[in-house]
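Work through the following exercises with the sequence and the structure side by side. Each begins with a task and continues with a solution in steps.

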Amino acid sequence: MVLVTSILTLFKSILSAFGKGCMGFARHVGQISLLIIGIVRSLLQGGVSLKMIFAQAYEQGIGSLPLVLVTAVLSGIVTSQQGGYQFSSSVPLYVLGSVVASSVVLELGPVMTAFVLIGRVGARITAEIGTMAVSEQVDALVSLGRDPVPYLAAPRVVAGMIVTPILVGVANAVGVLTGLVSARATMGLGPEGFLYGARMYWHSWDLFYSLTKAFVFGFMIPVISVHMGLITHGGAEGVGRNTTTSVVFMIITVLVVDATFPPLFLN
Amino acid sequence: MSEEVTIQYEDVYKRFDTPVLSGVSLSVMKGETISILGTSGTGKSVLLKTTIGLITPDQGDVKIDGESVYHSSRAGLRDLRRAVRYVFQYAALFDSLNIYDNVAMGLDPETIRTLDKKVMLDRIATSLENVNLDPGKVLSKLPAELSGGMRKRVGLARAIVGEPRIILYDEPVTGLDPVNAATVNRLIMSIAERTKVTSIVVTHDVPGALEMSRRVALLDNGKLRFVGSPDEFRRSEDPLVMAFADRTAAARAALKLIEHETSDEDEEPGSAHAVSIGV
């Protein structure tokens with residue numbers, strides 16, 4: 001009898017936690033939807049300052065470029081080295097060019113850049129807006145008759161959508177180039193062979209696919225980080241908690257979006 | 001003084017984890033300064049924030065000049081907010097903007113767009129001078145470069161630059177030394193006298209509230225326990241009002257509360273409060 005009661009209590013707790021989780025998720029989805037509607041409306045009404053968009057684009061783009069380059073260089077080298085290791089016995093080495101180009105352009109360029117932006121831009125946005133929320137600066141903005149969406153959200157989101165595809169384009173080019181250099185330096189595969197392999201399985205669609213993915217990441221990362229910043233409460237602890245949660249949400253979102261792209265666009 | 005009602009709180013309820021406001025009704029007359037007193041956590045700031053929709057009540061309504069804050073259109077609410085300025089407890093200046101831009105935020109966006117730069121600078125400088133700050137010294141500084149008292153005065157300058165009809169002060173002297181606190185209280189009085197603005201001051205500074213206000217309200221456990229003139233407040237025989245009006249009575253109440261808690265730990269929660277107000 002005691003065992004049955006314990007199992008029932010456990011089942012009830014699990015169900016309750018699941019219900020709370022679902023409600024929390026639904027609340028986030030609803031709030032994010034309203035935020036997106038607000039951003040679209042403020043853009044349509046022309047209420048977003050171009051100066052603020054450029055300032056955010058500079059911060060997000062130029063500020064993130066060094067780390068994106070480092071990540072792209074290492075991605076190209078690692079892909080080239082590991083591919084070369086696997087192909088050395090049975091597969092012609094020039095196929096390595098295709099493997100590096102496809103891996104970097106379809107997957108590593110957009111996803112690694114997104115991870116850099118999550119850490120460097122997304123976390124910063126949540127912490128910055130979260131601090132404004134807990135120090136009543138967001139309330140002050142509202143009390144002064146200003147809508148926080150065109151002031152705080154829209155410039156960051158528009159900048160993200162502009163800058164991320166550019167950064168991913170640069171990361172793709174640098175990743176493939178360093179893959180080429182690495183293949184020549186360590187496996188003796190010359191540029192002609194590498195590029196021959198790369199062209200053999202190349203589709204122009206791949207670049208469009210890569211940049212579309214970047215555009216979606218560039219939209220989702222600032223949207224989630226702004227949302228998590230705006231709902232922050234509870235002082236410094238709340239800012240820390242929401243920044244961590246925001247990073248977790250952004251990583252999961254990037255991975256889920258990344259997983260939904262191939263069945264939607266590559267089949 | 002005209003008896004026209006400017007702000008009307010109608011049976012306002014708000015609950016977070018526990019009830020914070022439990023049916024607050026209050027009329028604030030045009031041009032009057034009313035102070036709201038109460039122990040910490042009794043919902044004073046929450047009540048103030050419901051005035052301009054920063055916190056939405058669960059039940060009840062707030063009207064400004066007869067227009068509901070919670071049943072207005074988006075544009076209507078924006079217009080209502082522009083008639084009101086809120087002075088935040090810690091000033092809530094924008095960290096990334098200098099003092100000029102912070103004070104300029106107190107003006108309507110249309111005014112900022114249309115006003116001549118020189119005229120705007122003059123208005124901002126005048127606002128800063130009205131709160132005893134030297135524009136030449138502070139205009140280009142960031143909020144982080146100013147002291148707490150100066151930041152509060154910049155918050156006041158931001159509130160008055162747009163010549164609002166209503167100013168809401170959320171604990172304007174909290175955290176200030178007595179000299180700076182007296183300065184801020186004097187400024188609130190002089191702003192009210194000069195501009196005839198309607199003011200609600202949430203404060204713990206009882207002497208300051210009694211000096212500057214036409215009426216004083218005491219909020220207790222989410223309900224208005226007392227509303228009256230400073231003289232009525234001083235003469236009141238309500239134990240909690242007496243505890244607020246008289247430091248000796250407050251000290252006696254605190255002592256009695258401590259004695260009660262130490263000698264009678266097994267009693268039900270809530271009885272301590274009954275003792276604290278039963279001096």
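**Exercise 1: A helix pair in chain A**

Task: In this predicted model, describe how helix α5 (residues 148–187) of chain A packs against helix α7 (residues 204–230) of chain A.

Solution. Begin with the geometry: two packed helices are described by the angle between their axes and the distance between the axes. For α5(A) and α7(A), the angle is about 150 degrees, and the axes lie 8 Å apart. Next comes the handedness, and here α5(A) passes α7(A) in a right-handed crossing. Finally, sort the residues of this contact by class, which gives 18 nonpolar, six polar and one charged.

**Exercise 2: The setting of that pair**

Task: Which elements make up chain A, and what part of its residues counts as buried?

Solution. First list the elements: chain A has eight helices and zero strands, and from the N terminus on they run α-α-α-α-α-α-α-α. Then take the dimensions, for which the C-alpha trace of chain A spans about 65 × 65 × 35 Å along its principal axes. For burial, a residue needs 20 or more other C-beta atoms within 10 Å of its own, and 42% of the 267 residues of chain A count as buried. As a last step, consider the contacts in chain A between residues at least 6 apart in sequence, of which 88% join residues at least 24 apart.

**Exercise 3: Strand partners in chain B**

Task: How many bridges does strand β1 (residues 5–15) of chain B form with strand β2 (residues 19–29) of chain B, and how many with strand β4 (residues 59–64) of chain B?

Solution. Start with β2(B), with which β1(B) pairs in the antiparallel sense over eight bridges. The two strands form a hairpin with three residues between them, and one position to locate on the model is B:K14, whose bridge partner in β2(B) is B:L21. Turn then to β4(B), with which β1(B) also pairs in the antiparallel sense, over five bridges. In this pairing B:I7 stands opposite B:I64 of β4(B).

**Exercise 4: Where the chains meet**

Task: How many residues of each chain take part in the contact between chain B and chain A, and which helix gives the most to the side of chain B?

Solution. Count each side separately: 13 residues of chain B are in contact with nine residues of chain A. On the side of chain B, helix α2 (residues 74–82) of chain B gives the most, with three residues. Dividing the residues of that side by class then yields eight nonpolar, one polar and four charged.

Definitions and conventions:
Residues are numbered from 1 along each chain as its sequence is written. Chains are lettered from A and ligands numbered from 1 in the order in which they are written. This is a predicted model: local features need pLDDT of at least 70, side-chain atom pairs count only at pLDDT 80 or more; totals for chains, interfaces and linings use all residues. Two strands pair if DSSP finds at least two bridges between them. Helices (H or I, at least four residues) and strands (E, at least two) are DSSP runs, numbered from the N terminus. Axes are lines fitted to C-alpha atoms, for helices over the stretch in contact, and angles run from 0 to 180 degrees between N-to-C directions. A crossing is left-handed if the near helix is turned anticlockwise from the far one by less than a right angle, and right-handed if clockwise. Ala, Val, Leu, Ile, Met, Phe, Trp, Tyr, Cys and Pro count as nonpolar, Asp, Glu, Lys and Arg as charged, and the others, Gly among them, as polar. Two residues are in contact if their C-beta atoms, placed from the backbone, lie within 7 Å. A residue is buried if 20 or more other C-beta atoms lie within 10 Å of its own, exposed if 12 or fewer, and partly exposed in between; C-beta atoms are placed from the backbone.
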